[in-house]
Amino acid sequence: MLTRLWKYAGPAVMHSEYLLHALVLAMVEFDDDIFAAGNCYDAHQYKDYWLFCPFAYRLPEGPILVKDLAVEYKYLENTSEWFYMARKNAERVIHNYNQIATGESQTTPRYIFFV
């Protein structure tokens, strides 16, 4: 979902840090099986940040904290395997699949399929 949002949403949506923090919070908040969720960007990929990574995680006592993980953890400098694998998976999705396919007649669109 975030890859599609990044690719197709307008600048007002993509420049909302609140939206990106709220997305990771909701992932953890609404599924007790999820301990943590993050949306980490590559170098210079989000606004004027060198790194940016909205991250939410559940504390043992139950509350959920949300922060920018990049402030204290430079995931590119630490040769983080988890970030490398996520980047490779995103590249595969973008390369191999049509993000939006439309079925349309000669005159008007009839269906929009999200793949």
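Buried residues account for 23% of the 115 residues in the protein chain. The model is a predicted one, and every value discussed here is computed from it. The protein chain exposes about 8100 Å², of which carbon and sulfur atoms supply 58%. Among the contacts in the protein chain with a separation of 6 or more, 37% are made by residues 24 or more positions apart.

The protein chain contains four helices and five strands. Read from the N terminus, its elements follow the order α-α-α-β-β-β-α-β-β. The account below concentrates on the three-strand sheet, the helix that crosses it, and the loop between β1 and β2.

The sheet is open and consists of three strands in the order β1-β2-β3, with antiparallel pairing. Strands β1 and β3 stand at the edges with a single partner strand each, so one side of each has no neighbour in the sheet. From one strand to the next, the twist averages 10 degrees. In general, the strands of a sheet pair through backbone hydrogen bonds, in either a parallel or an antiparallel arrangement. Here, β1 and β2 are joined in the antiparallel sense over three bridges, and A37 has A56 in β2 as its bridge partner. Strand β2 (residues 54–58) also pairs with strand β3 (residues 64–68), again in the antiparallel sense and over five bridges. Within this pairing, Y57 stands opposite L65 in β3.

The hairpin of β2 and β3 has five residues between the strands, and G62 in this hairpin takes a positive phi near 120 degrees.

Why can β2 be described as largely enclosed by the rest of the structure? Five of the five residues of β2 are buried, and the strand is therefore largely enclosed. As a general feature, side chains in a regular strand alternate between the two faces of the sheet. In β2, both faces are covered: P54, A56 and R58 are buried on one side, and F55 and Y57 are buried on the other. A56, the bridge partner of A37, thus belongs to the side that also carries P54 and R58, whereas Y57, which stands opposite L65, lies on the side with F55.

Helix α3 lies across β1, β2 and β3 and runs at about 25 degrees to β2. This helix comprises residues 17–29 and includes M27. With a relative accessible area of 35%, M27 is partly exposed, because this value falls between the limits of 20% for buried and 50% for exposed residues. The C-alpha atom of M27 is separated by 6.7 Å from that of A37, ten residues apart along the chain. A37 is the residue already described as bridged to A56 in β2.

The loop between β1 and β2 contains several features of note. N39 is placed in this loop. Is N39 buried or exposed? Its relative accessibility is 11%, so N39 counts as buried. The side chains of N39 and Y41 are joined by a polar contact of 3.2 Å.

A disulfide is formed by C40 and C53, whose sulfur atoms are 1.9 Å apart. The pair links distant parts of the chain, 13 residues apart, with C40 and C53 both in the loop between β1 (36–38) and β2. The count for the model comes to one disulfide. In general terms, such a link is a covalent bond between the sulfur atoms of two cysteines. Both C40 and C53 are buried.

Two further residues of the loop are distinguished by their backbone angles. Most residues other than glycine have a negative phi. H44, which lies in the loop between β1 and β2, has a positive phi near 60 degrees although it is a residue other than glycine. K47, found in the loop between β1 and β2, likewise has a positive phi, near 45 degrees, in a residue other than glycine. How do their accessibilities classify them: which is exposed, and which is partly exposed? H44 has a relative accessible area of 59% and is exposed, while K47, at 39%, is partly exposed. The loop between β1 and β2 therefore holds the buried N39 as well as the exposed H44.

Notes. Residues are numbered from 1 along each chain as its sequence is written. This is a predicted model: local features need pLDDT of at least 70, side-chain atom pairs count only at pLDDT 80 or more; totals for chains, interfaces and linings use all residues. Side-chain values use heavy atoms; hydrogens and water are left out. Helices (H or I, at least four residues) and strands (E, at least two) are DSSP runs, numbered from the N terminus. Buried means under 20% relative accessible area, exposed over 50%, partly exposed in between (1.4 Å probe, protein chains only). Two strands pair if DSSP finds at least two bridges between them. A disulfide is a pair of cysteine sulfur atoms within 2.5 Å. A polar contact is a pair of N or O atoms within 3.5 Å; within protein, one must be able to donate a hydrogen and the other to accept it, and residues adjacent in sequence count only if both atoms are side-chain atoms. Contact means heavy atoms within 4.5 Å. Accessible areas come from the Shrake-Rupley method with a 1.4 Å probe; for residues, only the protein chains shown count as cover. Axes are lines fitted to C-alpha atoms, for helices over the stretch in contact, and angles run from 0 to 180 degrees between N-to-C directions.
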